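Subject: Handover of a structure for your review

Dear colleague,

Please find below the structure that I am handing over to you. I would be grateful if you could read the notes beneath it with the structure open beside them.

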Amino acid sequence: MHAKEYLTSTPLESILTTGGDKLISCTIGCRMDAAISTLDKHKVLSIPVLKGGEYTGCISVNDLLKELMAELKAKNAHWQDAGAASFTADDLISVGKVLTSKSVGELEHAGSLFLLNAANSASLHDFIVNCFDIKDQHHVHHRVYVCMAAGTAHTVGAGATTVVNATPTSPRASGKLEVTHVVSHLDIVRVLAANKASLGGMAEASLEALGLDEGAVFCVPAATPALEAFQRMAADHKSCLGLVDPDTGKLVANLSASDLRFLSTPEAFASLLTSAVDLRASLHGGTLPPVGTVTPGTMFGELLDLLVSHKLHRAYVVDEEGKPTSIITLTDVLKRVVA
């Protein structure tokens with residue numbers, strides 16, 4: 001059996017029943033400081049937003065990144081020309097006061113819902129292709145909220161599944177859209193890692209042989225002010241950046257949008273003036289956490305184990321000198337197994 005066949009024969013329901021934890025969420029009127037604290041406490045990247053118990057959208061670390069950039073521009077429209085030096089600590093604290101006092105409803109985005117039909121027979125392959133929109137080049141969904149109750153006026157059939165683009169203004173046919181589960185790319189990769197024997201020869205194939213070592217990688221010098229590194233991230237529409245030693249070019253750390261989860265108080269915003277590498281270390285008790293790295297010769301099965309064991313969303317491909325040459329994301333993995 002090959003990866004595609006395995007995913008086609010495995011029902012989505014099989015991974016939903018392994019849950020049981022209470023779904024983490026927030027209400028549409030929740031303040032952003034509380035929402036950011038929730039993201040940080042539970043170490044998640046996104047949570048559904050509820051209004052009267054019904055799904056209305058979601059809030060993510062990428063929404064926080066976008067709003068941070070918007071508030072910085074509102075404070076100083078030309079700050080990018082002079083960089084982080086445009087702001088004082090007090091300036092950033094004032095930006096933090098504005099951002100953290102906003103309601104979640106002002107920042108949320110529509111997200112996607114997946115409604116299980118009565119048969120509950122959607123396959124993991126259908127789910128990856130049709131619900132994550134994995135083959136879309138620009139708008140892949142990294143997590144999907146699952147509802148058990150069906151019924152909406154805006155549906156798109158996808159095999160045995162129904163995918164719903166539920167915006168706050170979408171008319172409802174009947175019943176509430178009550179979220180019961182969240183399924184992320186990492187959830188699917190966990191299934192693949194636990195069933196490597198069902199992937200045919202793919203688990204033993206090298207990343208180079210599978211063409212997974214060819215993606216572009218974006219890096220900045222480790223001493224770059226965190227504020228400027230996050231601005232680069234937002235401008236390039238990326239969720240992470242590699243931090244490299246400017247003298248050797250070696251990868252020393254990874255900075256991602258999830259690192260913004262410390263911004264739950266206005267005073268925390270002043271830390272954005274520190275270097276990206278120092279900020280990263282400060283968020284982990286003063287020491288830099290190891291970066292997930294692989295080489296072109298790493299086997300696909302080893303990559304799966306690395307991602308799952310460390311709950312990583314990406315692994316950097318490095319050469320023999322430790323210089324980053326590419327990056328492999330969870331999305332890249334899923335695109336390869338459904339190809």
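The notes that follow describe what was found, beginning with the whole chain and then moving to individual places.

**The protein as a whole**

Please keep in mind throughout that this is a predicted model. The protein has 339 residues, and 47% of them count as buried. Its secondary structure amounts to twelve helices and 14 strands. Among contacts with a separation of 6 or more, 70% join residues that are 24 or more positions apart.

**Helix 11 and its two partners**

Two helix pairs are described here, and helix 11 belongs to each of them.

In the first pair, helix 8 (residues 185-194) packs against helix 11 (residues 300-309), with the axes 9 Å apart and an angle of about 130° between them. Helix 8 is therefore oblique to helix 11, since the angle falls outside the ranges for roughly parallel, roughly antiparallel and roughly perpendicular. The crossing of these two helices is left-handed. On the side of helix 8, the contact is made by Leu186, Val189, Arg190, Leu192 and Ala193, while helix 11 contributes Leu304, Asp305, Leu307 and Val308. Sorted by class, the residues of this contact are seven nonpolar, no polar and two charged.

In the second pair, the axes of helix 11 and helix 12 (residues 330-337) come within 12 Å and cross at roughly 140°. Helix 11 is thus oblique to helix 12 as well, because an angle has to be over 145 degrees to count as roughly antiparallel. This crossing, too, is left-handed. Here Phe300, Leu303, Leu304 and Leu307 of helix 11 meet Leu330, Val333 and Val337 of helix 12. The residues of this contact comprise seven nonpolar, no polar and no charged. Leu304 and Leu307 of helix 11 appear in the contact with helix 8 and also in the contact with helix 12.

**Aromatic pairs**

How many aromatic pairs does the model contain? The count comes to two.

One of them joins tryptophan 79 and phenylalanine 87, whose ring centres are 5.5 Å apart; with 50° between the planes, this pair is tilted. Both tryptophan 79 and phenylalanine 87 are buried.

The other joins phenylalanine 127 and phenylalanine 132, at 5.1 Å centre to centre and 75° between the planes, an edge-to-face arrangement. Phenylalanine 127 and phenylalanine 132 are likewise buried.

**Residues that touch the tilted pair**

Tryptophan 79 and phenylalanine 87 each recur in the surroundings of another residue described here.

Glutamine 231 lies in helix 9. Is this residue buried or exposed? Its relative accessibility is 19%, so glutamine 231 counts as buried, the limit being under 20%. Leaving aside residues up to four places away in sequence, glutamine 231 touches Met69, Trp79 and Gln80.

Leucine 273 is located in the loop between strand 11 (251-256) and helix 10 (276-282). It has a relative accessible area of 31% and is therefore partly exposed. With residues up to four places away in sequence again left out, leucine 273 touches Ala84, Phe87, Thr88, Ala89, Leu92 and Pro225. For one of these, threonine 88, the C-alpha atom is 8.1 Å from that of leucine 273, although 185 residues along the chain separate the two.

**A buried strand residue**

Valine 146 is part of strand 5. Its relative accessibility is 0%, so valine 146 counts as buried. The C-alpha atoms of valine 146 and histidine 181 are 5.0 Å apart, while in sequence these residues are 35 residues apart.

**Two residues with positive phi**

Which loop holds aspartate 133? This residue lies between helix 7 (124-131) and strand 5 (143-147). Its phi is near 50°, a positive value in a residue other than glycine. Aspartate 133 has 29% relative accessibility and so counts as partly exposed.

Histidine 237 is placed in the loop between helix 9 (226-235) and strand 10 (240-244). Here phi is near 55°, again positive in a residue that is not glycine. With a relative accessible area of 72%, histidine 237 is exposed.

With kind regards

Technical notes. Residues numbered from 1 in each chain as written. Predicted model: local features only at pLDDT ≥ 70, side-chain atom pairs only at ≥ 80, totals over all residues. Heavy atoms only, no water. Axes fitted to C-alpha atoms, helices over the stretch in contact; angles between N-to-C directions. Helix = DSSP H or I, 4+ residues; strand = E, 2+ residues; numbered from the N terminus. Parallel < 35°, antiparallel > 145°, perpendicular 65-115°, else oblique. Left-handed = near helix turned anticlockwise from the far one by under 90°. Contact = heavy atoms within 4.5 Å. Nonpolar A, V, L, I, M, F, W, Y, C, P; charged D, E, K, R; others polar. Phe/Tyr/Trp six-rings, centres within 6.5 Å; stacked < 30°, edge-to-face > 60°. Buried < 20%, exposed > 50% of the residue type's maximum accessible area, 1.4 Å probe, protein only.
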